[in-house]
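Trainee: I should like to learn how to read the features of a protein model, one at a time. May we begin?

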Amino acid sequence: MNSGLPTGWTIERVRALSGDPGAAPLSSDRLVVLEVAGQDDYEPLRPYVILAFHELCLVREDDEWFMGQLDDDGSVICWASYGSDLAEAIHGL
């Protein structure tokens, strides 16, 4: 399942670059939100790719990757944008 990954990327390449052989795509059919500094409410995200690295996730919305945490209920709370480059986002893990 490489759907939604940038051109030239495979889940195998994600695993190799991250050093996490268990990195896996997750279904985007879940609640994904972004914490916004100074606001009480979360901003909803509509990702088309979610990559899980144990409890951490990279979430792609449009051309931007967000870092977040996978909660026990399956939702993802993101706290920052890591830019548009997947390799740089992975290095931020």
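Mentor: Let us begin with aspartate 62, which is placed in the loop between strand 5 and strand 6. Please keep in mind throughout that this is a predicted model.

Trainee: Is aspartate 62 buried or exposed?

Mentor: Aspartate 62 counts as exposed, because its relative accessibility is 54% and the cut-off for exposed is over 50%.

Trainee: What is the sign of phi in aspartate 62?

Mentor: The general idea comes first. Most residues other than glycine have a negative phi. Aspartate 62, however, has a positive phi of about 55°, although it is not a glycine. Histidine 54 is another such case: its phi is positive and near 60°, and it too is a residue other than glycine.

Trainee: Where does histidine 54 lie, and is it buried or exposed?

Mentor: Histidine 54 is found in the loop between strand 4 and strand 5. At a relative accessibility of 61%, it counts as exposed.

Trainee: Next, I should like to understand disulfides. How many are found in the whole structure?

Mentor: A disulfide is a covalent bond that joins the sulfur atoms of two cysteines. A search of the whole structure finds 0 disulfides.

Trainee: Why does cysteine 57 form no such bond?

Mentor: The closest cysteine sulfur to that of cysteine 57 belongs to cysteine 78, and because the two are 7.5 Å apart, they are too far for a bond. A disulfide would require the sulfur atoms to be within 2.5 Å. Cysteine 78 is accordingly in no disulfide, with the sulfur of cysteine 57 as its nearest. As for accessibility, cysteine 57 is buried at 0%, and cysteine 78 is likewise buried at 0%.

Trainee: Which residues have the most contacts inside the largest nonpolar core?

Mentor: In soluble globular proteins, nonpolar side chains tend to be buried together. Here the largest nonpolar core has 14 residues, and those with the most contacts inside it are Leu5, Val14, Leu51, Leu58, Trp65 and Leu86. At least two residues of this core come from each of helix 1 (11-18), strand 4 (49-53), strand 6 (64-70) and helix 2 (86-91). Another core, of 10 residues, lies apart from it; among its members are Val32, Leu34, Val59 and Val76.

Trainee: What does leucine 58 touch?

Mentor: Setting aside residues up to four places away in sequence, leucine 58 touches several others, including Val49, Leu51, Phe53, Trp65, Leu86 and Ile90.

Trainee: Where does leucine 45 lie, and what is it in contact with?

Mentor: Leucine 45 is in the loop between strand 3 (43-44) and strand 4. With a relative accessible area of 6%, it is buried. Beyond its neighbours within four places in sequence, leucine 45 is in contact with Val32, Val33, Leu34, Glu61, Phe66 and Cys78.

Trainee: How should I read a charged residue, such as arginine 60?

Mentor: One may ask where it lies, how accessible it is and what surrounds it. Arginine 60 belongs to strand 5 (residues 56-61). It is buried, because its relative accessible area is 12% and buried means under 20%. Its side chain makes a polar contact of 3.3 Å with the side chain of aspartate 63. Leaving out residues up to four places away in sequence, arginine 60 touches Gly4, Leu5, Pro6, Pro47, Tyr48, Val49 and Trp65.

Trainee: Over which ring does the charged end of arginine 13 sit?

Mentor: The charged end of arginine 13 sits over the ring of tryptophan 9, at 3.8 Å from the ring centre. Pairs of aromatic rings are a separate matter. Such a pair is described by the distance of the centres and the angle of the planes. In this model the count comes to 0 aromatic pairs.

Trainee: Let us close with helix 1. What surrounds serine 18?

Mentor: Serine 18 is placed in helix 1 and is partly exposed, with a relative accessible area of 23%. Apart from neighbours within four places in sequence, it is in contact with Ala23, Phe53, Ile90 and Leu93. A polar atom of the side chain of serine 18 also lies 3.3 Å from the backbone oxygen of arginine 15. Isoleucine 11 is in helix 1 as well, and it is buried at a relative accessible area of 7%.

How values were computed
Residues are numbered from 1 along each chain as its sequence is written. This is a predicted model: local features need pLDDT of at least 70, side-chain atom pairs count only at pLDDT 80 or more; totals for chains, interfaces and linings use all residues. Side-chain values use heavy atoms; hydrogens and water are left out. Rings of Phe, Tyr and Trp (its six-membered ring) pair if their centres lie within 6.5 Å; planes under 30 degrees apart count as stacked, over 60 as edge-to-face and the rest as tilted. A charge sits over a ring if NZ of Lys or CZ of Arg is within 6 Å of the ring centre and within 35 degrees of the ring normal. Helices (H or I, at least four residues) and strands (E, at least two) are DSSP runs, numbered from the N terminus. Buried means under 20% relative accessible area, exposed over 50%, partly exposed in between (1.4 Å probe, protein chains only). A polar contact is a pair of N or O atoms within 3.5 Å; within protein, one must be able to donate a hydrogen and the other to accept it, and residues adjacent in sequence count only if both atoms are side-chain atoms. Contact means heavy atoms within 4.5 Å. A nonpolar core is a set of buried Ala, Val, Leu, Ile, Met, Phe, Trp, Tyr and Cys residues joined through side-chain atoms within 4.5 Å.
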